[in-house]
Amino acid sequence: MLKEFLDPRFFLQELEEVSRKLVKGMEVLLTLPEVDLEPTPKELVFQEDKMRLYRYVQEGPVTCPVPILICYALVNRQYMMDLQSDRSLIRNLVGQGLDIYIIDWGYPDHGDRYLTLEDYIDVYLNDAVDHVRRASGQDRINLLGVCQGGTFSAIYTTLYPEKILNLITMVTPIDFHVTDGLLNVWSQHMDIDRMVDVMGIIPGEFMNVGFLMLKPFQLMVDKYVGLMDNLDDPATVANFVRMEHWIFDSPAQAGEAYRKFLKDLYQQNKLVKGELEIGGRRVDLKRITVPLLNIYATEDHLVPPASSVPLNDLVGSKDKTLYAFPGGHIGIYVSGHSQKELAPKVAEWLQERCAGKAAGKASKKTAEPGRAAKKPSALKHEGAAKRQPAKGGPRKAG
Amino acid sequence: MENPGNPWLDLMGKWPALQRDMFKQWMDAWSKAEPLGKAGGGPGPSSGAESAAWTIYRQWMEYLKELVGRFPAAEGGSGPETFSRMLSGADTYARLYAWWTDFFREAQERMGAGELDSRLFDELYHKWSQGYEEMVKGIFAAAMPESLQWVAELLSGDVYRLYIDEAVHFWSPWIDFAISQGKKAARGEQPGIEGISEAYEEWRRAYEESFGRLIRMPAMGYYREAAEKFGKAMDDLVEFNLVLADFYAALGEAGRQGMEKLQGKLAGALQGGDGGPSSFRELYRMWWQTNEEVYIELFRTEEFSRLLGHLVERGMNFRESYQGFLEEATKELPFPNRSEMDHLYKTVYELRKEVRSLKREVAALEEERRGAKKEGGR
């Protein structure tokens, strides 16, 4: 084999093939139209400071009257879940008849350096939950937290159990002292106080360097070499560009919130120890008694399974499900397997826990104007033109 | 018109005899001198009195002095006095050259023998400067009126010695650093992680003892604070770069290990005859995957984690001090700086919280009032 490799004819053949792809690829890149992101129609329904709450337009029949609020991480942007129409967990969940709201945390700037974890959980997340409760007429709603947003959601559920009907966590770090994850290891020796005091807000670029270092050759070399193989395929290139856009679309982190999250959770693992305090109240995971669906990715390099799995043992819920998704931290949203399996699984789990459990007074308010059930096939139509504007525009918090 | 009082006119008559005399002196000088090159080519004292070139030069100069002395002084100051001054100037020039060449020659010889370090350099330099001092005194003192001879003292006395001392003291750490690195290179030492770190540590010591002292020197005047902050920022930048060097050294070492590991894999494949890469693409895959393994292994270590923490900490130190310098340097400009804005942000943040809390209180009170109204209406 090695002999064949050393034969210059083989090398020249490969070189010729690569050159041909590069030339064709240049043509593709030069003519590539602007890629679209977040294709599933949604409307802005609530805003508070930089936090925005969107509701996805549901054109099909609603199969669960209790809406889901998705709480994404502060790191990176929530549209990972709706990156492109054929790889969109959101679109699939909407297609399953779920009423979905999503929080967009925005891009913190220096003016946000004093925002605390309490502001995010007790104010923004709580106000978003209250808005969804008011709008849907449900006393309790479903909360789906992703990654760091999952940690927020778990914390929130311990503090406001009366407002949550079901809790879903996806690739969520809970035990921060597992040594599988490099982020856990590295954070132990970081002087977080110094970082926050000096920088005020932690730049997204700073965070990104850390993420790239988790798989340096794969993420900084092979990813781009791999692109060459498909450089002559406009669809693949467009997908690549979308993903690239998302990866480097990294908001800065509000300093004080970052300080508490890193020190209390990453460094001192207070959530697992039951020592975390939010606004002077102790966070006890045993206070989570609602049904829990804990989804983790078996190949997750950012949040290792060992960090997510312990949640099921720490909560007080009797109805709890642990779901292992065969893939990585990103693949869980964009892989073909995810599209076929994950969304139906989530919808099925929710629907089983939705029927008959919705708050009684809700029935009057669930059917909002413009939200009449339509055939699922209508989902094929998407884009801004199909959006249903919110009545009276978005509600702004005081 | 002939001027019988002018001795230079007699020169023409004596010219053939003079020619003969000059030729004889020239030949004598050469015959008395040792063969050229035997004691070095330069005219300095180490080769000086014994040096062939130096002997010829001095003998020839003496002859010229004697020659011009044969002529009485002419009107207008020209004649032997003028020649004497010119020849004395040439002599000074040659002596100065000799001091330098001696200094460099000895330094070169000691360095070649591996003996030179900052202490010896200090010794050589002082030896040279002592001679130089005497020479300058001799040259200037002889040329200046008595009332101005203090100038020669200034240029060669205590002030000069202090300057030399300070200069030697300032540069000696760098001499030690350069010699140490040179010795390591001569021994063919491979710069691994520790080697590179050691080299930077030595560099830092040299910096600390020279430019570091200069930068930390108390500043004065209107820009004192800005200058001091700048100095602090530069110090912090050096500290950051030192850890950055360690960081890159660690990455470089992992790269080297990755390459060794890959070579091992390829050699194993060749010996085992069970394959190996069949295409460049496959070799590339082996390359990046092997490297990834090695790097991840490094990243998992406690040492790397500490190094990363250290790097971030030093980076923050520099960022903070540089920010401080920028704020100080731009305080007169018509825009707010980061600290002022932070103060404002804090106020806005607290006000927002207060407004939010008050709004909630108002809403609760209104709710209460509505409830009370309803009850009153019943």
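Colleague: Happy to look at this one with you! Which helix gives the largest share of the largest nonpolar core?

Modeller: Keep in mind that this is a predicted model. The largest nonpolar core has 115 residues, and among those with the most contacts inside it are L69(A), I70(A), L125(A) and A128(A). The largest share of this core is 10 residues, and they come from residues 117–136 of chain A, helix α4.

Colleague: Let's zoom in on one residue there. Leaving aside its neighbours within four places in sequence, which residues is I70(A) in contact with?

Modeller: I70(A) is listed with L93(A), I100(A) and Y101(A) among the core residues that have the most contacts inside the core. Once neighbours within four places in sequence are left aside, its partners are I100(A), Y101(A), I102(A), I103(A), L144(A) and V146(A).

Colleague: And how many residues are in the other core that lies apart from it?

Modeller: That other core includes F230(B), A233(B), F240(B) and F318(B). Its number of residues is 6.

Colleague: Now for the chains themselves. What percentage of the residues in chain B is buried?

Modeller: As background, chain A has 17 helices and 13 strands, and 43% of its 398 residues are buried. Chain B has 13 helices and 0 strands. Of the 378 residues in chain B, the buried part is 13%.

Colleague: What share of the contacts in chain B with a separation of 6 or more comes from residues 24 or more positions apart?

Modeller: For chain A, residues 24 or more positions apart account for 82% of the contacts with a separation of 6 or more. For chain B, the corresponding share is 60%.

Colleague: Where do the chains meet, and which elements give two or more residues to the side of chain B that touches chain A?

Modeller: Here 33 residues of chain B are in contact with 30 residues of chain A. By class, the side belonging to chain B has 15 nonpolar, 7 polar and 11 charged residues. The elements that give two or more residues to it are α10 (224–272), α11 (280–300), α12 (302–329) and α13 (338–377) of chain B.

Colleague: Are α9(A) and α11(B) roughly parallel or roughly antiparallel to each other?

Modeller: Their axes come within 9 Å and cross at roughly 150 degrees, in a right-handed crossing. The contact involves residues including F217(A) and V221(A) of α9(A), and W288(B) and Y295(B) of α11(B). Angles over 145 degrees count as roughly antiparallel. The two helices are therefore roughly antiparallel.

Conventions. Residues are numbered from 1 along each chain as its sequence is written. Chains are lettered from A and ligands numbered from 1 in the order in which they are written. This is a predicted model: local features need pLDDT of at least 70, side-chain atom pairs count only at pLDDT 80 or more; totals for chains, interfaces and linings use all residues. Two residues are in contact if their C-beta atoms, placed from the backbone, lie within 7 Å. Helices (H or I, at least four residues) and strands (E, at least two) are DSSP runs, numbered from the N terminus. Ala, Val, Leu, Ile, Met, Phe, Trp, Tyr, Cys and Pro count as nonpolar, Asp, Glu, Lys and Arg as charged, and the others, Gly among them, as polar. A nonpolar core is a set of buried Ala, Val, Leu, Ile, Met, Phe, Trp, Tyr and Cys residues joined through C-beta atoms within 7 Å. A residue is buried if 20 or more other C-beta atoms lie within 10 Å of its own, exposed if 12 or fewer, and partly exposed in between; C-beta atoms are placed from the backbone. Axes are lines fitted to C-alpha atoms, for helices over the stretch in contact, and angles run from 0 to 180 degrees between N-to-C directions. Angles under 35 degrees count as roughly parallel, over 145 as roughly antiparallel, 65 to 115 as roughly perpendicular and the rest as oblique. A crossing is left-handed if the near helix is turned anticlockwise from the far one by less than a right angle, and right-handed if clockwise.
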